[in-house]
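Me: I have a chain to work through and I would like to learn how to read it. Can we take it step by step?

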Amino acid sequence: MDRRTFLQLLFAGCTLPVTRLVLANTAEQVRGAVLRQAAEGTTLLLDLSGPIPARTFTLEAPPRLVLDLQGAGLATSLDGLALKGTPIKAIRSAATADGGLRIVLDLRSPGISGELQTLARGRQLALRLGGLPVAAAVPTGKAVGNRAPPQGRDLLIVIDAGHGGKDPGAVGSGGEQEKLVALAIARLLARRIDAQKGFKARLVRNQDVFIPLRKRAEMAQRLNADLFISVHADAAPRRTASGASVFALSEHGATSAVARWMAQRENDADFVGVSSVLKKPPKDPVVAGVLLDMSMNATISTSLDLGHSVLGQLEGVAGLHQARVEQAGFAVLKSPSVPSILVETGFMSNARDCQRLQDPRHQRKVAEAIFAGLDKHFRRRAPDGSYLAALAAYRLAEPGAQG
Ligand SMILES: [Zn+2]
């Protein structure tokens, strides 16, 4: 079938009532469908807004042919397709739980298989019934479904080692400096991330240098990172305080408090007034400052989910200071873009924490735990277009995996 025939058929289909079943957050849409019955067989041809990973398989009793389209919505109706004279008794469709589209062809007889072919650089998808060749179809794209290797962009994680240069951060009783612990763990984390397919890391600082707070979160914003993670080690007047904590931002919280804090900040560069903004203010004024900067660009629910995931992994390695992700009560001042969390890896002011935070083996375990937490999160909620999203779709398409 040539392009013109396709469009004519598509146009004819448009005169029928169109049910719009457009799903939220679906990257691509099935815009049109035609059924072609020819001597060489029956073909369901879908017009797509863009390439959609797809797979097909058969089910018996009653005989059905299933077409799964990953991350796709239906922006047309399948009701008007002429089924007379085809092996198809009925066509149904439904949105799948994972945000995809499933089209089911009820078949008149068993033993009919389906074969997929992408055409027009992924703008068309042909489902050929009975294993006969698609007539007049010129394959211009790669085959999809379980034969196409997953492809997508790497997730970019911007890692911020707290403090640096003239700012040592928290200092242990033996003169141990938070800025060095943070840098060591941040480097190990970056190395771990870079070693994982589908991930890429960028360090805000890779040396003992001072970088203004504002520039740190800005870097994540500029690079359009998938996550900004700030690594710190706490200090508390109470020497027994120990373990890790994770901060994210909360939506509730007072705009007025932020305004008050901002005003105070203008008057006092030493972050006086932080305690009036934070429900549980971090002891470290720099931490409070980082949190405030994060509030400018935080995607809160994602940050919270990430925080929980990381905290869960840190528990066995560092112990927890707070069993829940702590939320600083800032209003979001800008449109959300980069999910951000702040990890306190332990207390410099606690003798045991401080000692093991100097230990490269412990540092590696902490970095590994942070990575495991974010890896778990991103595998569950792979951003659109990422390698991890493609991988998830690919695995779903493996034989035996049912969506
Ligand atoms: Zn710190």
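Reply: Start with a definition. Helices (at least four residues) and strands (at least two) are DSSP runs, numbered from the N terminus. Keep in mind that this is a predicted model.

Me: Where is the place of Gln70?

Reply: With that numbering we can name the spot by the strands around Gln70. Gln70 belongs to neither strand; its place is in the loop between E4 and E5.

Me: Is Gln70 buried or exposed?

Reply: Buried means under 20% relative accessible area. Gln70 has a relative accessible area of 15%, so Gln70 is buried.

Me: How far apart are the C-alpha atoms of Gln70 and Gly99?

Reply: Along the chain, Gln70 and Gly99 are 29 residues apart. Gly99 sits in the turn of the hairpin formed by E6 and E7, with a positive phi of about 85 degrees. The C-alpha atoms of Gln70 and Gly99 are separated by 7.3 Å.

Me: In which order do the strands of the sheet with 4 strands lie?

Reply: This sheet is open, and its pairing is antiparallel. Strands E3 (54–59) and E6 (88–95) each have a single partner strand, so they stand at the edges. On average, neighbouring strands are turned by 15 degrees against each other, direction ignored. The order is E3-E4-E7-E6.

Me: How many bridges join E6 to E7?

Reply: The two strands run antiparallel. One bridge partner of a residue in E7 is easy to find: Ile88 is matched with Leu107. Another match is Ala90 with Asp106. The bridges joining E6 to E7 number 7.

Me: Which residue in E7 is the bridge partner of Leu67?

Reply: Strand E4 (residues 64–69) and strand E7 (residues 101–107) pair in the antiparallel sense over 6 bridges. Leu65 has Leu105 as its bridge partner in E7. For Leu67, the bridge partner in E7 is Ile103.

Me: How many residues of E7 are buried?

Reply: In a regular strand the side chains alternate between the two faces of the sheet. On one side of E7, Leu101, Ile103, Leu105 and Leu107 are buried, and on the other Arg102, Val104 and Asp106 are buried too. E7 is therefore largely enclosed by the rest of the structure, and its buried residues number 7 of the 7.

Me: Which strands stand at the edges of the sheet with the order E5-E1-E2-E9-E8?

Reply: That open sheet has 5 strands, and its pairing is mixed. An edge strand here has a single partner strand, so one side of it is left without a neighbour in the sheet. The twist averages 30 degrees from one strand to the next. The edge strands are E5 (72–74) and E8 (114–119).

Me: What is the bridge partner of Arg36 in E2?

Reply: Strand E1 (residues 28–38) and strand E2 (residues 41–48) run antiparallel. They are joined by 8 bridges. In E2, Arg36 is matched with Thr43.

Me: Why is the pair of Phe199 and Phe371 called edge-to-face or stacked?

Reply: Planes under 30 degrees apart count as stacked, and over 60 as edge-to-face. The centres of the Phe199 and Phe371 rings are 5.5 Å apart, and their planes stand at 70 degrees, so this pair is edge-to-face.

Me: How many residues apart in sequence are the parts that Phe199 and Phe371 tie together?

Reply: Phe199 lies in strand E11 (residues 199–203) and Phe371 in helix H8 (residues 360–380). Both residues are buried. The pair therefore ties together parts 172 residues apart in sequence.

Me: Which residues form one aromatic cluster?

Reply: Phe199 and Phe378 also form an edge-to-face pair, 6.3 Å centre to centre, with 65 degrees between the planes. Phe378 counts as buried, at 2% relative accessibility. The cluster is made of Phe199, Phe371 and Phe378.

Me: Which ring does the charged end of Lys166 sit over?

Reply: Two lysines are worth a look. Lys197 lies over the face of Tyr387, at 4.6 Å from the ring centre. The charged end of Lys166 is 4.3 Å from the centre of its ring, that of Phe210.

Me: How are H2 and H8 oriented to each other?

Reply: The axes of helix H2 (residues 178–194) and H8 come within 8 Å. They cross at roughly 50 degrees. The crossing is right-handed. H2 and H8 are therefore oblique.

Definitions and conventions
Residues numbered from 1 in each chain as written. Predicted model: local features only at pLDDT ≥ 70, side-chain atom pairs only at ≥ 80, totals over all residues. Heavy atoms only, no water. Pairing = 2+ DSSP bridges. Axes fitted to C-alpha atoms, helices over the stretch in contact; angles between N-to-C directions. Phe/Tyr/Trp six-rings, centres within 6.5 Å; stacked < 30°, edge-to-face > 60°. Buried < 20%, exposed > 50% of the residue type's maximum accessible area, 1.4 Å probe, protein only. Lys NZ or Arg CZ within 6 Å of the ring centre and 35° of its normal. Parallel < 35°, antiparallel > 145°, perpendicular 65-115°, else oblique. Left-handed = near helix turned anticlockwise from the far one by under 90°.
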